[in-house]
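Here are a few exercises to work through with the model open in your viewer. Try each task before reading its solution.

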Amino acid sequence: MNTDEIILVVEDEKEIADLLEVYLTNEGFKVLKAECSKDALDHIGKEKIALAILDIMLPDIDGLTLCRQIREKYLFPIIMLTARNSDMDKINGLSMGADDYMTKPFNPLEVVARVKTQLRRYTRYNNSEAEASLEFDRDGLYVCKESHKCELYGKELSLTPIEFDILWYLCERKGVVVSSEELFENVWKEKYLSSSNNTVMAHIARLREKLGDEPRHPKFVKTVWGVGYKVEE
Ligand code: CA
């Protein structure tokens, strides 16, 4: 496989950076390495980065701060590397905009796999955004992404932002089953934990109530048992 995609590896431990470089280059990626946040930002300003891998422990500012700084301007996927368990709390607790994280020591093959997953997601998301319609209109349900408006049989529904995002996420992917995990990570933009499924279920229940959907025979937001939710095409 050959790609022109550039992966930025920000890590001051040379052995780890080199290891990642070997594995990623092997998969056809171009790798840029940076030993500190300053070098990383230099690269980002000059090159079109497809994805960045950031270590948390860096010699200048830490990787979490760097991640937030990058997110102010850029949307490419970011994978965090962390050595300590206490970093995990920070990663879970802060919405600094990372897409995934891995704990050291890691298996380089798993890093490569996650890089590919993130790139696929990112590309799919961008393409669907470019082509997709900004409206959904079927069986009396009208949802407009642009105006953030939702109408049922011509009557406007008042949805919370989360409820709207859930509904729009499903409408945009109409006909496709969306897992609870995918829904959570895209709507809440947080890492999916074991408790997250309950959060999703509770919000789906309230959304269905507003849509007049009977839990056992929902018309709009359907449950596909053991898989997830979907809105019919
Ligand atoms: Ca480091």
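**Exercise 1.** Find where Tyr153 sits in this predicted model, then work out whether Tyr153 is buried or exposed.

*Solution.* Start with the place: Tyr153 lies in the loop that runs between strand 8 and strand 9 (155-156). Next, look at the accessible area. Its relative value is 56%, and the cut-off for exposed is over 50%, so Tyr153 counts as exposed. Last, check the backbone: phi of Tyr153 is near 50°, which is positive in a residue other than glycine.

**Exercise 2.** Work out which residues Lys219 touches, leaving out residues up to four places away in sequence.

*Solution.* First, locate Lys219: look in the loop between helix 8 and strand 10 (221-224). With that sequence filter on, Lys219 touches Asp139, Tyr153 and Asp213. Now take two of these one by one. Asp139 is 80 residues from Lys219 in sequence, yet their C-alpha atoms are 9.0 Å apart in space. With Tyr153, there's a side-chain to side-chain polar contact at 3.0 Å. Finally, classify Lys219 itself: a relative accessible area of 38% falls between the 20% and 50% cut-offs, so this lysine is partly exposed.

**Exercise 3.** Describe how helix 7 and helix 8 pack: at roughly what angle do their axes cross, and which residues meet?

*Solution.* Two packed helices are described by the angle between their axes and the distance between the axes. Here, the axes of helix 7 (residues 180-187) and helix 8 (residues 196-211) come within 10 Å, crossing at roughly 85°. That value lies in the 65 to 115 degree range, so helix 7 is roughly perpendicular to helix 8. Then list the contacts: from helix 7 come Ser180, Leu183 and Phe184, and they meet Ser196, Asn197, Thr199, Val200 and Ile204 of helix 8. Sorted by type, the residues of this contact are 4 nonpolar, 4 polar and no charged. While you're here, step into the loop between helix 7 and helix 8, where you'll find Lys189. Lys189 has a positive phi of about 55° although it isn't a glycine, and Lys189 is exposed, with a relative accessible area of 60%.

**Exercise 4.** Map the largest nonpolar core: how many residues does it have, and which have the most contacts inside it?

*Solution.* Count first: the largest nonpolar core has 27 residues, and Leu141, Val143, Leu167, Leu183 and Val221 are those with the most contacts inside it. Next, ask where they come from. Strand 7 (141-144), strand 8 (149-152), helix 6 (161-172), helix 7, helix 8 and strand 11 (228-231) supply at least two residues each. Helix 6 gives the most, with 7 residues. Now zoom in on Leu167: leaving aside neighbours within four places in sequence, its contacts are Leu141, Val143, Cys150, Leu159, Leu207, Leu211 and Val221. There's also a second, separate core of 21 residues, with Ala34, Ala40, Ile49 and Ile56 among them.

**Exercise 5.** Decide whether Arg173 is buried or exposed, then find what its side chain reaches.

*Solution.* Arg173 is in the loop between helix 6 and helix 7. Its relative accessibility is 16%, and buried means under 20%, so Arg173 counts as buried. Following the side chain of Arg173, you arrive at the backbone oxygen of Tyr169, 3.2 Å away.

**Exercise 6.** Which residues does the cis peptide bond join?

*Solution.* Check omega: at about -5°, the bond joining Lys104 and Pro105 is cis. Pro105 is in the loop between strand 5 (100-103) and helix 5 (108-131).

Conventions: Residues numbered from 1 in each chain as written. Predicted model: local features only at pLDDT ≥ 70, side-chain atom pairs only at ≥ 80, totals over all residues. Heavy atoms only, no water. Axes fitted to C-alpha atoms, helices over the stretch in contact; angles between N-to-C directions. Helix = DSSP H or I, 4+ residues; strand = E, 2+ residues; numbered from the N terminus. Parallel < 35°, antiparallel > 145°, perpendicular 65-115°, else oblique. Contact = heavy atoms within 4.5 Å. Nonpolar A, V, L, I, M, F, W, Y, C, P; charged D, E, K, R; others polar. Core = buried A, V, L, I, M, F, W, Y, C linked by side-chain atoms within 4.5 Å. Buried < 20%, exposed > 50% of the residue type's maximum accessible area, 1.4 Å probe, protein only. Polar contact = N/O pair within 3.5 Å; in protein donor to acceptor, adjacent residues only side chain to side chain.
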